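Reader: Before I use any of the labels attached to this structure, I would like to see what each of them rests on. Could you take me through the reasoning?

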Number of protein chains: 4
Amino acid sequence: MTEDMRPYYHKVQYYETDMMQIVHHSNYIRWFEEARLDYLEQAHFPYAEIEARGFLIPVLGVECQYRKAVHFGETVLIETEITKFNGLKFTVSYQIYDKEHQVLHTQGSTKHCFLDQEFRPVFIKRKAPDLYEYFTHKILHNR
Amino acid sequence: MTEDMRPYYHKVQYYETDMMQIVHHSNYIRWFEEARLDYLEQAHFPYAEIEARGFLIPVLGVECQYRKAVHFGETVLIETEITKFNGLKFTVSYQIYDKEHQVLHTQGSTKHCFLDQEFRPVFIKRKAPDLYEYFTHKILHNR
Amino acid sequence: MTEDMRPYYHKVQYYETDMMQIVHHSNYIRWFEEARLDYLEQAHFPYAEIEARGFLIPVLGVECQYRKAVHFGETVLIETEITKFNGLKFTVSYQIYDKEHQVLHTQGSTKHCFLDQEFRPVFIKRKAPDLYEYFTHKILHNR
Amino acid sequence: MTEDMRPYYHKVQYYETDMMQIVHHSNYIRWFEEARLDYLEQAHFPYAEIEARGFLIPVLGVECQYRKAVHFGETVLIETEITKFNGLKFTVSYQIYDKEHQVLHTQGSTKHCFLDQEFRPVFIKRKAPDLYEYFTHKILHNR
């Protein structure tokens, strides 16, 4: 987590639980998305604007390790950072903690690429230099 | 249920349960959609084709009464029928039974209208006479 | 909305949209739940505690009218109030507005009852007098 | 896929799509669960019975690669196999194809362990020898 980004908080909803009395594992993948879009918004690139500029950012892959179950009534804190970027593809990593940042519940990552509206890959260096600068800066910063 | 339509079966999934050990109530609204789209497909109007022809069918309203909870491991049978139609708006009614059609678990209805791709209301009598005929026939049949 | 309750805000998530480019209608039923549980928490009856005290509050019915679609990138404001209560059953009503409280997007209600852990109906006047007092007070206040 | 197991078919539902006009990536994680539970049922170990016998099978990890998006109106075929097992933990692998088994849309795996109802790890060799035999046989068969 770079020092200038706020972590994202998610309050567990009842509809996110399953009959094992814990949060269903598919919801963490959704929380990754929530945290990723909050991160982009904090970086002044709200995803609705990215799509309005003609770019799509699909998910190419996801991996997630569940360490300690999360329950209804809890709030989690999600730390997000961009860990790889090559101008076309990037990786985002996530760590899900309890609200007090004491216990690591879950960690994972998602892989993405930039597409145009015809679903063709787009190198963003020329097409979206501001986004390119930001991602490049983040990667250097996170090393 | 008119005699010529097969009921729709849905097998309860683990991810549809909640910590009360029953199916979360929001899923029945999704099952209504599953059953409605299956019904249209049986009627030879698959929804993907309806959208491809330029019509959208949003949901204007929904109501649902939960009589007896459904559990993981069960399969439900859903009966669907079109109960109102005026050329623009229509109502679909649903009854959710156990697999053996002995116990009524849930009943409800959804209200819809036809829109064009600019989200403007469309009377389908001229624009989609085959759909109009079908809906009109069903209403007469169900009286 | 009684003057002493904060409205509940929900930020629309990407995973809540569907291919009609709007929020899928089943999610409003989940937002009702979010708002209802927030309301109980504001009233100092967090739902996790209610269940820990041995009460379940299933949903007996739901109805919802969709007036104006909600889109990704928007935040909605949900007003919640208890509109009926007889010691066993109660009704909660919801109005979903845009963030600035200018446009009514959706309205609806849910019906509930109190059950014990064997799923038997419970009149809460003796078993949970604090909850009984609160609900009764709210109903009088909302008249 | 061992020769004696039927693949699992899932018909894409409208509520599984998102505003990118494709199936939201979190749903594939749910489809893995559907296919896994169908697999166990085919093996005569329906999951509801496994839980009734006192075992829980939580998900410890998941990974998924999205190769080609799936759309509304399509039906997918999911092949499932147990690829690792050590008496306590096991891995299940999935391949999601189009209905005609021509195009690989998605592949992934999930990691699991056996727990008792107090959420303690359970070696199943003695506690559930039939399940142990089955899993062991499958692993040998899949080599």
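Author: What follows takes a few of these labels in turn and sets each against its criterion; the model is a predicted one.

Reader: How do you know that the length of helix α4 of chain A agrees with what is expected of a helix?

Author: Helix α4 of chain A runs over residues 129-142, which is 14 residues, and at 1.5 Å a residue these should span 20 Å; the C-alpha atoms at its ends are 20 Å apart, so the two values agree.

Reader: Which residues of α4(A) are called buried, and what makes them line one face of the helix?

Author: The residues of α4(A) that count as buried are L131(A), Y132(A), Y134(A), F135(A), K138(A) and I139(A), the label being given under 20% relative accessible area. Seen down the axis of α4(A), the buried residues fall within an arc of 165°, and therefore they line one face of the helix. They pack against α1 (26-42), α2 (47-52), β3 (75-85), β4 (89-98) and α3 (124-127) of chain A. On the face of α4(A) turned away from the buried side one finds E133(A) and L140(A), which are exposed.

Reader: How many disulfides does the structure hold, and why is C113(B) not bonded to the closest cysteine sulfur?

Author: Over all chains there are zero disulfides. The sulfur of C113(B) has its closest cysteine sulfur in C64(C), at 15 Å, and since a disulfide needs the two sulfur atoms within 2.5 Å, that is too far for a bond. C113(C) is likewise in no disulfide, the nearest cysteine sulfur being that of C64(B), 15 Å away.

Reader: Are these two cysteines, C113(B) and C113(C), buried or exposed?

Author: C113(B) has a relative accessibility of 8% and so counts as buried, and C113(C), at 7%, counts as buried too.

Reader: What makes chains A and D copies related as by a two-fold rotation axis?

Author: Chain A can be laid on chain D by a turn of 180° with a shift of 0.0 Å along the axis, and the RMSD is then 0.0 Å. The two copies are therefore related as by a two-fold rotation axis. Within chain A, the C-alpha nearest that axis belongs to E63(A), at 2.0 Å.

Reader: How do you know through which surface chains A and D meet?

Author: Of the interface residues of chain A, 100% are also interface residues in chain D, and so the copies meet through the same surface.

Reader: Which values describe the superposition of chain C on chain D, and which surface do those copies use?

Author: A turn of 180° and a shift of 0.0 Å along the axis lay chain C on chain D with an RMSD of 0.0 Å. D18(C) is the residue of chain C that comes closest to the rotation axis, with its C-alpha at 1.9 Å. Here too 100% of the interface residues of chain C are interface residues in chain D, so these copies meet through the same surface.

Reader: Why is H24(D) called buried, and what does it touch?

Author: H24(D) lies in the loop between β1 (8-11) and α1 (26-42) of chain D, and its relative accessible area is 1%, which is under 20%, so the label buried applies. Its side chain is joined to that of S26(D) by a polar contact of 2.8 Å. Leaving aside neighbours within four places in sequence, H24(D) is in contact with E33(A), Y14(C), Y15(C), E16(D), T17(D) and D18(D).

Reader: What makes V59(D) buried, and where is it found?

Author: V59(D) is found in strand β2 (residues 59-66) of chain D, and with a relative accessible area of 13% it falls under 20% and is therefore buried. Not counting residues up to four places away in sequence, V59(D) touches H25(A), Y66(A), R36(D), K111(D) and H112(D).

Reader: Why is the phi of H44(C) remarked upon, and why is the residue called exposed?

Author: Most residues other than glycine have a negative phi. H44(C), although not a glycine, has a positive phi of about 70°. H44(C) lies in the loop between α1 (26-42) and α2 (47-52) of chain C, and at 67% relative accessibility, which is over 50%, it counts as exposed.

Terms used:
Residues numbered from 1 in each chain as written. Chains lettered and ligands numbered in written order. Predicted model: local features only at pLDDT ≥ 70, side-chain atom pairs only at ≥ 80, totals over all residues. Heavy atoms only, no water. Helix = DSSP H or I, 4+ residues; strand = E, 2+ residues; numbered from the N terminus. Expected span 1.5 Å × (residues − 1). Buried < 20%, exposed > 50% of the residue type's maximum accessible area, 1.4 Å probe, protein only. Arc of directions from axis to C-beta. Contact = heavy atoms within 4.5 Å. Least-squares fit on C-alpha atoms with pLDDT ≥ 70 in both. Polar contact = N/O pair within 3.5 Å; in protein donor to acceptor, adjacent residues only side chain to side chain.
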